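Here is a walk through some strands, barrels and charged pairs. Have the sequence and the model open as you read.

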4 protein chains.
Amino acid sequence: ECPDFFADIPYVRFEGNQTSNLFAFRHYDADEVVCVRDTCRKQREWLRFSVAFWHTIRGEGRDPFGEPTKQWPWETAPASDKMERAKLRMNAMFQFLDKLGVDWWCFHDRDIAPEGEGGDLKETERNLLAMVGLAKELQQASGKKLLWATANLFSSPRYMNGAGTSPDKAVFLSAALQVKQALDAGKELGGEGYVFWGGREGYATLLNTDMGVELDHLAALFRAASGYADKIGWRGQFLIEPKPREPSANQYDYDVSAAASFLRQHNLQRFKINVECNHATLSGHSCAHELELARTQDLLGSIDINRGDPQSGWDTDEFLMDLPEATRLMLVLLEQGGFERGGGLNFDAKLRRESTNVEDLFYAHIASMDAMARGLKAAAAILNDGALKDLKTRRYRSFEGYSLEGRSLADLAAEAMAMEVAPSH
Amino acid sequence: ECPDFFADIPYVRFEGNQTSNLFAFRHYDADEVVCVRDTCRKQREWLRFSVAFWHTIRGEGRDPFGEPTKQWPWETAPASDKMERAKLRMNAMFQFLDKLGVDWWCFHDRDIAPEGEGGDLKETERNLLAMVGLAKELQQASGKKLLWATANLFSSPRYMNGAGTSPDKAVFLSAALQVKQALDAGKELGGEGYVFWGGREGYATLLNTDMGVELDHLAALFRAASGYADKIGWRGQFLIEPKPREPSANQYDYDVSAAASFLRQHNLQRFKINVECNHATLSGHSCAHELELARTQDLLGSIDINRGDPQSGWDTDEFLMDLPEATRLMLVLLEQGGFERGGGLNFDAKLRRESTNVEDLFYAHIASMDAMARGLKAAAAILNDGALKDLKTRRYRSFEGYSLEGRSLADLAAEAMAMEVAPSH
Amino acid sequence: ECPDFFADIPYVRFEGNQTSNLFAFRHYDADEVVCVRDTCRKQREWLRFSVAFWHTIRGEGRDPFGEPTKQWPWETAPASDKMERAKLRMNAMFQFLDKLGVDWWCFHDRDIAPEGEGGDLKETERNLLAMVGLAKELQQASGKKLLWATANLFSSPRYMNGAGTSPDKAVFLSAALQVKQALDAGKELGGEGYVFWGGREGYATLLNTDMGVELDHLAALFRAASGYADKIGWRGQFLIEPKPREPSANQYDYDVSAAASFLRQHNLQRFKINVECNHATLSGHSCAHELELARTQDLLGSIDINRGDPQSGWDTDEFLMDLPEATRLMLVLLEQGGFERGGGLNFDAKLRRESTNVEDLFYAHIASMDAMARGLKAAAAILNDGALKDLKTRRYRSFEGYSLEGRSLADLAAEAMAMEVAPSH
Amino acid sequence: ECPDFFADIPYVRFEGNQTSNLFAFRHYDADEVVCVRDTCRKQREWLRFSVAFWHTIRGEGRDPFGEPTKQWPWETAPASDKMERAKLRMNAMFQFLDKLGVDWWCFHDRDIAPEGEGGDLKETERNLLAMVGLAKELQQASGKKLLWATANLFSSPRYMNGAGTSPDKAVFLSAALQVKQALDAGKELGGEGYVFWGGREGYATLLNTDMGVELDHLAALFRAASGYADKIGWRGQFLIEPKPREPSANQYDYDVSAAASFLRQHNLQRFKINVECNHATLSGHSCAHELELARTQDLLGSIDINRGDPQSGWDTDEFLMDLPEATRLMLVLLEQGGFERGGGLNFDAKLRRESTNVEDLFYAHIASMDAMARGLKAAAAILNDGALKDLKTRRYRSFEGYSLEGRSLADLAAEAMAMEVAPSH
């Protein structure tokens with residue numbers, strides 16, 4: 001009864017580099033086994049691709065200067081009401097995963113289910129429960145899985161001054177309610193992770209802001225979420241997703257360091273970080289830097305895979321198709337042995353506004369999946385070869401067998417003085 | 001016998017806003033008492049201005065595209081050798097402080113004393129001790145004081161791959177030696193603080209870098225320095241000065257969050273942060289943001305006062321002369337009750353390359369001192385008036401008497417559901 | 001019968017710096033005469049403030065991450081249909097101008113009148129004519145005047161690939177139609193200028209773009225517009241408004257130089273430039289730079305007055321309230337003797353998303369008008385004093401009485417060789 | 001008698017993709033013929049690689065925070081004086097070209113010959129003539145050729161306020177003299193081009209700057225240079241190289257548009273543009289954008305091939321090694337049929353400061369030459385395939401057979417109205 005929205009699109013399969021089929025993978029071969037040092041896994045297990053409901057199904061092509069451009073079939077199909085429309089979208093999502101051959105998906109609560117009329121909280125809850133029920137059925141039928149869920153605490157006008165950091169208690173409570181319901185939904189769907197992206201957790205001007213209080217409130221919300229997960233027996237991974245500059249002019253979770261510092265200050269041990277590449281570059285770091293900085297602190301949880309436009313100063317959420325960059329990212333990921341529970345490569349990426357065909361949704365995902373698969377294989381080859389590691393080892397070899405532990409500054413200085421001459425370089 | 005390098009420059013005094021004397025303060029009245037809420041202090045005590053040896057005395061006007069332009073009298077005066085030259089500079093420093101009426105100064109070890117020939121460590125040590133001796137005499141004669149000292153661990157080719165993070169043990173030891181000697185020098189001169197600016201603590205490419213090891217080494221150096229301070233009985237303030245982007249393409253101490261996270265991770269409790277305004281803006285934050293972020297974590301130690309060029313992507317170290325900005329900064333500083341030991345407004349600012357007259361050194365400092373004094377008075381007036389604080393209090397009043405402590409997510413969500421309708425905004 | 005949307009707001013009058021009335025000007029005294037060298041004019045004549053229909057009346061507080069926040073009374077008042085709603089807005093515009101005491105306004109065609117159903121061109125035309133008729137009545141009743149009109153060639157999905165540069169002829173024709181109708185509207189309302197802002201005139205990727213053809217088409221549209229103005233006897237000023245980066249990833253009219261180069265290449269002599277300050281800063285220039293660059297080429301036509309956020313990489317359209325910046329801009333404007341026909345200070349500025357009260361619209365405009373009035377008086381004082389001009393004259397005096405005209409490189413080189421020694425500096 | 005500075009380095013030859021020899025080309029095969037549409041040329045003719053004297057021979061590894069790191073053998077070899085040193089460098093240059101197999105070189109006057117003592121102009125001239133004589137001998141012996149020459153009008157303190165735009169006539173004359181001598185040198189060496197890079201042609205503050213006068217002076221210098229070329233019978237290509245932001249805080253030749261606008265305003269018809277990729281990205285454009293913008297105006301003369309660091313805000317002059325980027329650039333170059341006289345790919349690129357081995361000079365050039373050769377072949381394949389061109393043709397086909405010439409706005413609008421409904425998209 002639900003239309004087949006991709007009837008004209010063939011199933012996307014691996015065909016190798018010589019194919020001329022635009023609906024085929026040239027490099028991503030889901031079940032091919034790739035070994036990194038001693039660990040062998042299928043490509044689909046190393047990469048754990050995930051499709052984002054918000055961009056792929058709900059992206060409408062609006063920008064700050066223009067109206068929506070997309071007319072997706074699931075939006076233009078006949079539908080009697082908002083919930084009927086929501087069901088069409090959910091079906092479109094699973095049809096898309098099916099055609100593309102991706103195992104995982106991610107969503108915000110408001111992506112999949114509308115708020116109740118006039119903000120009616122009971123109706124909002126019913127809507128969400130209904131859509132979770134449908135998603136569960138579709139998951140069971142298809143074998144697709146939920147990578148992570150999240151609550152949209154930024155689109156509604158009520159969050160304009162913050163959600164967990166709102167100066168208005170009612171708004172804070174509203175955020176807490178959404179988080180609880182989204183955690184329940186995630187658990188119901190077997191989600192492996194839960195992400196907090198603090199879109200409105202920041203400030204417009206310090207002159208009206210009590211930064212200390214706001215960050216304490218945010219930490220309280222995170223602690224409450226963690227406690228609730230324990231209570232309901234959900235053992236997934238909590239993740240903070242840093243982002244600078246927008247939509248708050250000053251975002252608290254600016255980058256990995258800001259998030260890590262906050263987690264340490266508030267002793268939030270159950271949290272890791274979801275690094276988004278375009279967020280990384282907006283904060284003045286390369287994506288590999290943010291991944292490595294998280295990895296070396298045991299905080300690298302998951303990746304929102306995309307890229308920015310180096311000439312633009314905001315989040316353009318482009319599909320990452322660049323092989324050297326894919327390789328740099330996979331080197332960090334493989335160095336930590338791949339993803340753990342709750343981690344994956346989630347396509348937080350969207351078509352350009354003027355790209356309005358359903359085919360384009362496929363081309364974009366396919367090209368990025370191929371790029372990441374090439375990056376996986378290139379990184380594995382580099383690590384298996386060992387030359388790069390040898391180079392690093394040689395570079396630090398003067399420290400071999402020498403511990404700084406317990407040496408006083410006077411000791412170190414005395415060792416230096418014994419050299420008589422400062423090292424040249 | 002040392003020449004009077006500023007013989008033609010009059011002593012700079014407060015003359016008020018109507019003066020036409022370019023060598024007078026229009027707003028900075030050192031001994032005028034300014035009260036903030038219940039605390040009354042002289043302007044000189046609130047502001048604690050400090051002159052930077054490196055820019056003011058050693059600045060030569062070189063840039064990446066051109067040769068030095070300055071011909072300061074203390075550089076062109078007859079001098080028999082490097083140490084003689086160093087003494088002329090030190091005298092110039094104290095003559096400048098005297099004429100300008102500033103109480104404090106800051107220096108790097110290499111600013112004040114040359115390295116020994118061919119890197120001879122004994123000679124290097126003798127040179128430094130000699131210059132510290134001269135500085136001590138000049139301090140005693142003038143009543144001027146040392147705000148903080150630091151070691152230059154970035155100019156020498158030996159630090160091209162890092163100092164505390166160098167992959168070469170000999171270079172690490174060399175850095176440790178410099179830190180020890182600089183700490184000794186600071187103690188001898190009664191310095192209130194000691195700053196680590198990690199100019200080369202970063203990396204050029206992740207491909208040859210072991211970030212975890214490098215940061216552990218850096219933490220070990222900081223711990224050793226802290227232990228040494230205890231041992232020699234120096235009770236001053238250690239400070240980390242964050243900076244992004246240069247000279248290392250990727251600097252570890254990127255911003256306040258990066259430094260705070262590092263300090264927490266490595267349990268370095270004796271350290272605070274020296275925020276430089278231009279470093280703040282380069283990292284994508286306003287200077288007030290970095291100050292406030294440090295303040296709310298009890299990490300705001302001192303300020304390198306300057307400003308950048310919003311159209312340039314590097315540290316331009318311009319003198320801050322903008323009243324609204326000065327007010328924003330002073331609001332944060334006064335909110336924490338002013339500086340504690342080791343803190344001050346250090347002019348990490350330089351003349352433009354084409355500004356080559358001695359008079360310009362005075363104009364620049366005077367203008368910035370006046371701007372900061374106006375900012376002090378404006379901020380004090382705002383805080384004493386109380387309206388801004390009332391506005392903030394009202395903004396958060398819905399949380400009054402309501403503690404998030406101990407409330408579970410289920411409790412919070414239940415409170416929200418009881419509202420029946422989500423808040424509009 | 002139209003409601004009084006600002007019934008609770010008093011008329012805004014000049015009260016001087018000591019007033020505590022938030023609805024008063026402290027510095028802007030419309031009828032005060034300010035003399036610059038030999039020219040004396042009222043403040044309102046030097047400044048020619050204009051309110052922008054799009055931001056002030058139509059701004060809704062949407063951003064890329066969130067829904068509209070504003071609930072302006074003219075949008076929530078009962079209205080039977082789209083045209084009824086349009087009339088309420090137009091009345092709100094003139095009520096606002098009246099209360100604020102601003103003489104001029106600016107609009108896009110689509111700001112004031114809705115498109116016909118389903119894109120019906122006849123209905124679109126009728127709608128526009130009706131609203132122009134109402135605006136004319138309101139202008140006559142109030143004495144308010146139109147600074148400039150423009151056509152919105154960027155919001156509709158049909159312009160997603162460009163308007164004058166669209167690869168689709170039907171879209172180009174549609175743009176031409178809008179321009180013709182907007183020129184007719186501007187003439188009917190006595191508009192002094194007409195602005196082209198090429199929001200979609202650019203490209204997403206060079207791979208599908210024929211830049212040469214697109215720019216030729218754009219020039220053809222401009223030429224046709226100019227010819228039409230002659231034909232209908234409209235003698236106003238055409239203006240190009242440069243903008244970099246958005247919404248097209250690559251905008252053709254990047255900055256003043258790009259626009260000037262284009263005008264020269266295509267011999268479009270009737271055009272000047274409308275410099276928007278935030279567009280200037282986004283293109284890597286100060287606003288004063290763009291004004292001066294245009295002025296020295298006799299291309300400075302009008303100014304969209306606003307400012308950006310130095311920490312954000314897009315057009316934030318904030319109200320300019322900074323006195324030093326206002327002074328820098330007014331120095332350039334006064335240097336050219338103020339505005340000519342078609343020029344003014346148009347407030348292309350908006351409230352922050354979380355600022356949702358009608359009062360805020362007034363506070364924002366008042367503060368910026370006061371800032372610009374202070375800038376006017378400061379710049380006039382600087383120019384009247386003459387010291388700055390003397391400084392410049394002295395700086396270039398070595399060229400006095402020396403013409404480069406007609407001197408060959410060999411002559412110049414011979415003069416230099418006669419110096420025997422290169423100048424030091 | 002000159003030492004062989006690269007005695008340990010083998011001649012670099014093409015060995016193909018399977019080689020493990022670090023001193024071999026994997027993709028650049030100088031004499032391989034590549035056909036683009038109907039034009040067949042050797043790789044060396046398409047690419048016309050050139051080595052830059054300043055970076056490769058004179059680069060010393062200094063940065064704004066540190067002293068030189070390089071100890072090149074031609075600098076440390078015994079030498080009796082400055083001219084002896086200069087001769088060693090020139091020999092090193094030709095030895096390097098020989099080993100690397102590059103045909104072209106570029107230089108600044110001051111790269112190859114020192115100024116006379118105390119600025120003595122006669123000695124300066126003698127020095128330059130002597131080194132030009134040596135270069136000519138080495139060119140004749142080796143068959144290497146000069147792509148372009150330029151005068152260094154930015155390093156000396158005398159140019160701190162500009163060269164052609166200096167407010168000091170003596171400085172302007174000094175610049176004219178250098179230009180004349182550099183033109184003479186270029187002619188003597190058979191140079192195909194002459195470049196003006198206006199490193200100090202800009203301003204620090206508008207408050208002391210007469211922009212109109214300065215740009216008129218600059219145009220006069222360019223005109224005089226052009227006239228002198230005619231007089232001495234040099235028929236090479238004059239080129240302007242745009243650069244934003246540094247070293248002048250505000251550079252007049254900001255980007256291609258600024259240069260093109262200036263050339264048109266001053267009717268300088270003999271000039272084209274030398275696009276440097278890193279300068280392009282600093283000005284907010286992609287390198288391909290600047291190339292295409294110049295190409296469509298018949299202004300693309302030559303390319304300084306390099307890349308920047310997207311995370312740094314200044315000119316990092318890195319070697320371009322990115323295949324997708326190389327392809328994008330070669331697409332533009334091949335679209336215009338390759339370089340004309342005076343054009344080539346000049347390596348305006350340098351080693352990182354911590355890269356201090358002679359081998360690294362080879363690795364860097366080899367890798368970039370290979371990348372550009374791959375880009376050449378990829379771009380040729382794309383153009384020869386024709387699919388991309390077909391796509392573009394189809395995209396604009398609605399304009400086929402339709403001329404905008406001579407159509408009035410009223411005509412165009414009437415055509416649009418005849419559609420009755422606006423195009424959707």
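## The β3–β4 hairpins

In chain D, β3(D) and β4(D) run antiparallel and are joined by 4 bridges. Strands pair here if DSSP finds at least two bridges between them. Strands are DSSP runs of E with at least two residues, helices are runs of H or I with at least four, and both are numbered from the N terminus. Across the pair, D:Val36 sits opposite D:Thr39 in β4(D). The hairpin has 2 residues between its strands, and D:Arg37 takes a positive phi near 50° there. As for the faces of β3(D), D:Val34 and D:Val36 are on the covered one, while D:Val33 and D:Cys35 are on the uncovered one.

Chain C has a hairpin to look at too: β3 (residues 33–36) and β4 (residues 39–42) of chain C run antiparallel, with 4 bridges between them. C:Val34 stands opposite C:Arg41 in β4(C). Here C:Arg37 has a positive phi near 50°, in a hairpin with 2 residues between the strands.

## Where the numbers come from

This is a predicted model, where local features need pLDDT of at least 70 and side-chain atom pairs count only at pLDDT 80 or more, while totals for chains, interfaces and linings use all residues. Residues are numbered from 1 along each chain as its sequence is written, chains are lettered from A and ligands numbered from 1 in the order in which they are written, and side-chain values use heavy atoms, with hydrogens and water left out.

## The barrels in chains B and C

In chain B, 8 strands close into a barrel in the order β5-β6-β7-β8-β10-β12-β13-β14, with parallel pairing. Neighbouring strands of this sheet are turned by 30° against each other on average, direction ignored. Strand β13 (residues 300–305) of chain B is joined to β14 (residues 345–347) of chain B by 3 bridges, and the two run parallel. Within that pair, B:Asp304 has B:Asn346 in β14(B) as its bridge partner. Helix α11 (residues 287–295) of chain B packs on the sheet, touching β12 (271–276) and β13 of chain B, and its direction makes about 165° with that of β13(B). Contact means heavy atoms within 4.5 Å. Axes are lines fitted to C-alpha atoms, for helices over the stretch in contact, and angles run from 0 to 180 degrees between N-to-C directions.

Over in chain C, 8 strands close into a barrel in the order β5-β6-β7-β8-β10-β12-β13-β14, again with parallel pairing. The twist there averages 30° from one strand to the next. Strands β12 (residues 271–276) and β13 (residues 300–305) of chain C run parallel with 4 bridges between them, and C:Ile273 stands opposite C:Leu300 in β13(C). Helix α9 (residues 256–265) of chain C packs on this sheet, touching β10 (237–241) and β12 of chain C, at about 170° to the direction of β12(C).

## Salt bridges across the sequence

Side chains of opposite charge can pair when their charged atoms come close. With a salt bridge taken as a side-chain nitrogen of Lys or Arg within 4 Å of a carboxyl oxygen of Asp or Glu, the count comes to 90 over all chains. One of them joins B:Asp315 and B:Lys243, with the closest N and O atoms 3.4 Å apart. These two are 72 residues apart: B:Asp315 is in the loop between β13 and α12 (323–335) of chain B, and B:Lys243 is in the loop between β10 (237–241) and β11 of chain B. Both B:Asp315 and B:Lys243 are buried. Buried means under 20% relative accessible area, exposed over 50%, and partly exposed in between (1.4 Å probe, protein chains only).

Back at the chain D hairpin, D:Arg37 forms a salt bridge with D:Glu335, the closest N and O atoms being 3.5 Å apart. D:Arg37 lies in the loop between β3 (33–36) and β4 (39–42) of chain D and D:Glu335 in helix α12 (residues 323–335) of chain D, so the pair ties together parts 298 residues apart in sequence. D:Arg37 is partly exposed at 37% relative accessibility, and D:Glu335 is partly exposed at 32%.
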